[in-house]
Structure formats: C-alpha cells, structure tokens
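Me: I would like to go through the labels used for this model and see what each one rests on. Please set the values against the cut-offs as we go.

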Amino acid sequence: MIVVLMGVSGSGKTTVGEIVSRELAWPYLDADDHHPAANVEKMRAGTPLADADRWPWLDRLNALLRQRQAGGGDAVLGCSALKRIYRERLAQGLRDVRWVHLKGSFELIQSRLQARQHRYMPASLLQSQFATLEEPTAALTVDIDDTPEALARTIITGLGLESPPSARSRAR
C-alpha cells in the first residue's frame, strides 16, 4: 500500500508523515526531495510552479512508488498533490494508493509557515497553493488542528491500519 499525505505547504505532511511511517515501520518519502533544480529555484524566487513544471516531478515520484510496490513494499509519501490531475498522474499504474488530505484553515497554516523556515518554499506562495487546491473526494480528510501524534493515530486508524508490535514498542 502507498499512503499519500497531501495538502498545501505547512499542512504537516512531513511531520505527520514521518510519525505515520515510524508507527507502521514503512519508509517515508518526501516529494520535496525529488523536485528538479529548476523547480526549486522557481519556488525559492517566489514563483508558483506551472503544470508543465510539475509533470517531470510527478513522473519521477510515480516511478519511485511503482518500483517500491513492484518489490512488495509499502510506503508513506508526503506530496502536495493539489490537483486531481496531479493525483491521477502520481497514482498511474499503482495498485493500492490511499489518499489522506491534511486540511486546515489559511490562517492556521499561514501562522505555521511564518514560524518555520523551509529550505525553498516561501510563505508567500501559500495563497497560490490554496487557489490551486482541488480538494479530493476519495480521501481520508483530517483536520490538522491537533498534535502531529494525534493526527498520525487518526490516519492509521482511519485507514484501518495497525502499527506492528515492534514499532509500537519503539514508540513508547
């Protein structure tokens, strides 16, 4: 199974995704690590990405996930996946993808972004992310106004998954 935590920048994809990953003893993949250098520079300069900028990135992520699934492995991916067409491209050829939409108000997420320093994503792009977001209809939607640990538990339970005993004992 591939679990994709999606949402705008600052919604908690990485923080919550790493906890879910640890709890399930599955690898965590951060989509931000796979952007082409041109995309990173564009965002760093405060310019929103166009669809054409995203296609190679989404194709690279899809290839990683297909390779993981072909080897019989599960994974948790943190990826904005803001539009339906992005999610379709990301999931192409995958057998079992579960979407989790980390949803919060503009004000909450803006306050989070102002309190953190992302390596290339400025808070000024948040409005463009909300404008681009097409909320998924086939996803577990989780309100992010809670602790990361509580959100991870909600996701694991909501997807009908259970932490392996070895991961539970490490988390204590």
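Me: What share of the 172 residues in the protein chain is made up of buried residues?

Reply: The model is a predicted one. In the protein chain, 46% of the 172 residues are buried, and the label requires a relative accessible area under 20%. The chain exposes about 8500 Å², with 49% of that supplied by carbon and sulfur atoms.

Me: Why is Ile109 called buried?

Reply: Its relative accessible area is 0%. The cut-off is under 20%, so Ile109 counts as buried.

Me: Where does Ile109 sit, and which residues beyond its neighbours within four places in sequence is Ile109 in contact with?

Reply: Ile109 belongs to helix α5, residues 106-114. Beyond those neighbours, its contacts are Val8, Ser9, Gly10, Ser11, Gly104, Leu126, Phe130 and Ile144; a contact needs heavy atoms within 4.5 Å. Gly12 is 97 residues away from Ile109 along the chain, with 9.0 Å between the two C-alpha atoms.

Me: Why is Ala25 called partly exposed?

Reply: Ala25 has a relative accessible area of 44%. Buried requires under 20% and exposed requires over 50%, so Ala25 falls in between and is partly exposed. Ala25 is in the loop between α1 (13-24) and β2 (28-30).

Me: Is Ala81, in the loop between β3 (75-78) and α4 (84-91), buried or exposed?

Reply: Ala81 is buried: its value is 1%, against a cut-off of under 20%.

Me: What makes the phi of Ala25 and of Ala81 worth noting?

Reply: Most residues other than glycine have a negative phi. Ala25 is not a glycine, yet its phi is positive, about 60°. Ala81, also not a glycine, has a positive phi of about 45°.

Me: How do you know that strand β4 pairs with β1 and with β5?

Reply: Pairing needs at least two bridges between the strands. Strand β1 (residues 2-6) and β4 have five bridges and run parallel, so by that rule they pair. One pair of bridge partners is Ile2 and Val97 of β4. Strand β5 (residues 140-143) is joined to β4 by four bridges, again in the parallel sense, so the rule is met here too. His101 has Thr141 in β5 as its bridge partner.

Me: Why is β4 described as largely enclosed by the rest of the structure?

Reply: Strand β4 covers residues 97-103, and five of its seven residues are buried, so the description follows.

Note on methods
Residues are numbered from 1 along each chain as its sequence is written. This is a predicted model: local features need pLDDT of at least 70, side-chain atom pairs count only at pLDDT 80 or more; totals for chains, interfaces and linings use all residues. Side-chain values use heavy atoms; hydrogens and water are left out. Helices (H or I, at least four residues) and strands (E, at least two) are DSSP runs, numbered from the N terminus. Buried means under 20% relative accessible area, exposed over 50%, partly exposed in between (1.4 Å probe, protein chains only). Accessible areas come from the Shrake-Rupley method with a 1.4 Å probe; for residues, only the protein chains shown count as cover.
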